[in-house]
Amino acid sequence: MDFIKKMDVTSSAPEAELDMKGPAEPVECLIVGSGPAGYTAAIYAARAGLKPVMVQGMEPGGQLTTTTDVENYPGYPDGIKGPEMMEDFKKQAQRFGTDVRYGLVTKVEFGADGKHRAVVDGERLIETEALIIATGATAKYLGLESEKRYMGHGVSACATCDGFFYKNMDVAIVGGGDTACEEALYLSNICKKVYMVVRRDELRASKVMQQRAINKANIEILWSHETEEVLGDGEVVTGLRLRDRKAGKPVEIKIDGFFVAIGHKPNSDLFKGYLDMDEVGYIKTQPGTSKTKIPGVFACGDVQDPVYRQAVTAAGSGCMAALDAERYLGAKHG
Ligand code: NDP
């Protein structure tokens with residue numbers, strides 16, 4: 001096989017080199033990642049008879065496994081726990097024959113002949129003509145121990161998902177970009193008061209978003225403040241300890257919910273230099289499709305979506321990827 005693309009981005013991949021031209025397990029459709037996008041792609045691909053194999057990745061079930069209640073996914077009128085919902089997705093994908101496997105894709109090669117290869121766990125090779133990338137994105141966190149302790153118990157990285165739980169309460173959001181402003185405005189329509197904790201004395205967000213946040217009566221911007229600790233009663237968040245960087249002194253505020261909006265990192269390192277990406281690393285797809293610039297390689301979900309990042313939009317794009325893959329294979333093989 002003549003490979004046009006070669007890469008190895010995981011420094012943690014085992015040293016012992018696998019012969020990339022060696023024997024590989026052929027699969028019709030390989031799905032990498034197991035969030036709403038991956039599982040929806042799997043359901044559609046399986047029902048189309050593509051016998052998909054899914055390699056689940058580092059965090060089986062994706063970002064939703066770290067949230068508690070999901071109330072905005074249609075079809076669950078009483079809400080559902082994130083991990084439970086992902087189990088349902090998995091069962092549905094398996095019901096139609098998806099081969100769901102634990103494992104991490106550690107290396108990929110894109111063949112000029114349209115046969116793409118993936119190394120799983122540094123030791124097994126899979127070859128496919130239809131590769132669906134659904135590796136998701138990871139929210140960035142401050143890295144505080146207290147932030148970790150109250151994750152899902154007052155700390156969240158998604159205001160659209162969890163803001164509703166703080167109706168008429170006081171919350172804080174950290175960050176000064178468009179996401180922080182947008183989410184602060186969203187929260188300001190639900191919550192009594194929203195503190196925006198901004199580490200500099202200016203916002204990074206676009207001017208129009210800045211003005212909206214600044215002008216909103218129940219948003220108070222705490223300029224030049226750093227978050228030092230998320231305070232809690234052992235069960236839930238009760239406040240924040242901040243440092244006023246200009247005055248050089250600590251400040252405490254009382255809040256019920258703490259939102260982190262300091263950016264996301266798309267999980268696209270594996271494909272860097274080979275697929276087109278924006279400056280942050282989101283994979284670019286042809287508008288209105290899931291097609292990347294390499295034939296037979298499709299991307300769906302948060303790894304290609306810097307804007308919406310919702311479970312339902314990820315699922316929708318997973319469906320698109322499976323349909324695109326099915327049509328691609330159909331056109332190729334008749
Ligand atoms: P950004 O990278 O644009 O902003 C991150 C913000 O978080 C910055 O204000 C940054 O501060 C702050 N930050 C980073 N690390 C820390 C930290 N450790 N402690 C405190 N604050 C921190 O990310 P966004 O998610 O806001 O936006 C990503 C991209 O998506 C942008 O291009 C944005 O324009 C776009 N976007 C567009 C939207 C729209 O058009 N409707 C909506 C949402 C996003 P500092 O400024 O000091 O670096």
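Q: Where does Asp 121 sit in this predicted model?
A: Look in the loop between strand S8 (116-120) and strand S9 (124-133), and there you'll find Asp 121.

Q: What makes the phi of Asp 121 worth a second look?
A: Phi is positive there, about 55°, and Asp 121 is not a glycine. Most residues other than glycine have a negative phi.

Q: Why is Asp 121 called partly exposed?
A: Its relative accessibility is 31%. Buried would need a value under 20% and exposed one over 50%, so a value in between gets the label partly exposed.

Q: Which loop holds Lys 51, and what is its phi near?
A: Lys 51 is in the loop between H1 and strand S3 (53-55). Phi of Lys 51 is near 45°, again a positive value in a residue other than glycine.

Q: How do you know whether Lys 51 is buried or exposed?
A: Set the relative accessible area of Lys 51, 61%, against the cut-off of over 50%, and Lys 51 is therefore exposed.

Q: What makes Gly 318 count as buried?
A: Gly 318 lies in helix H7, and its relative accessibility is 0%. Buried means under 20%, so Gly 318 qualifies.

Q: What is Gly 318 in contact with, leaving aside neighbours within four places in sequence?
A: Ala 37, Thr 40, Ala 41 and Cys 300. The C-alpha atoms of Gly 318 and Ala 45 are separated by 9.7 Å, although these positions lie 273 residues apart along the chain count.

Q: Why is H1 called roughly parallel to H2?
A: The axes of helix H1 (residues 36-47) and helix H2 (residues 82-95) come within 8 Å and cross at roughly 20°. Angles under 35 degrees count as roughly parallel, so H1 is roughly parallel to H2. The hand of this crossing is left.

Q: Which residues meet where H1 and H2 touch, and what classes do they fall into?
A: From H1 come Pro 36, Tyr 39, Thr 40, Ala 42, Ile 43 and Ala 46; they meet Met 86, Phe 89, Lys 90, Gln 92 and Ala 93 in H2. By class that's 8 nonpolar, 2 polar and 1 charged.

Q: What else is Tyr 39 in contact with, leaving aside neighbours within four places in sequence?
A: Besides H2 residues such as Met 86 and Phe 89, the list for Tyr 39 includes Ser 34, Met 54, Gln 56 and Val 100.

Q: Which members of the largest nonpolar core touch the most other members?
A: Of its 32 residues, they are Cys 29, Ile 31, Tyr 39, Tyr 73, Met 85, Ile 132 and Phe 298. Strand S2 (25-32), H1, H2, S9 and helix H7 (311-333) each give two or more residues to this core. H7 has the largest share, 8 residues. Apart from this core lies another, of 23 residues, among them Ala 118, Ile 283, Ala 299 and Val 303.

Q: At what angle do H5 and H6 pack, and which way do they cross?
A: Helix H5 (residues 178-188) and helix H6 (residues 207-215) pack at about 35°, with axes 9 Å apart. The crossing is left-handed.

Q: What makes up the contact of H5 with H6 by class?
A: Asp 178, Cys 181, Glu 182 and Leu 185 in H5 meet Met 209, Gln 210, Arg 212 and Ala 213 in H6. That divides into 4 nonpolar, 1 polar and 3 charged residues.

Terms used: Residues are numbered from 1 along each chain as its sequence is written. This is a predicted model: local features need pLDDT of at least 70, side-chain atom pairs count only at pLDDT 80 or more; totals for chains, interfaces and linings use all residues. Side-chain values use heavy atoms; hydrogens and water are left out. Axes are lines fitted to C-alpha atoms, for helices over the stretch in contact, and angles run from 0 to 180 degrees between N-to-C directions. Helices (H or I, at least four residues) and strands (E, at least two) are DSSP runs, numbered from the N terminus. Angles under 35 degrees count as roughly parallel, over 145 as roughly antiparallel, 65 to 115 as roughly perpendicular and the rest as oblique. A crossing is left-handed if the near helix is turned anticlockwise from the far one by less than a right angle, and right-handed if clockwise. Contact means heavy atoms within 4.5 Å. Ala, Val, Leu, Ile, Met, Phe, Trp, Tyr, Cys and Pro count as nonpolar, Asp, Glu, Lys and Arg as charged, and the others, Gly among them, as polar. Buried means under 20% relative accessible area, exposed over 50%, partly exposed in between (1.4 Å probe, protein chains only). A nonpolar core is a set of buried Ala, Val, Leu, Ile, Met, Phe, Trp, Tyr and Cys residues joined through side-chain atoms within 4.5 Å.
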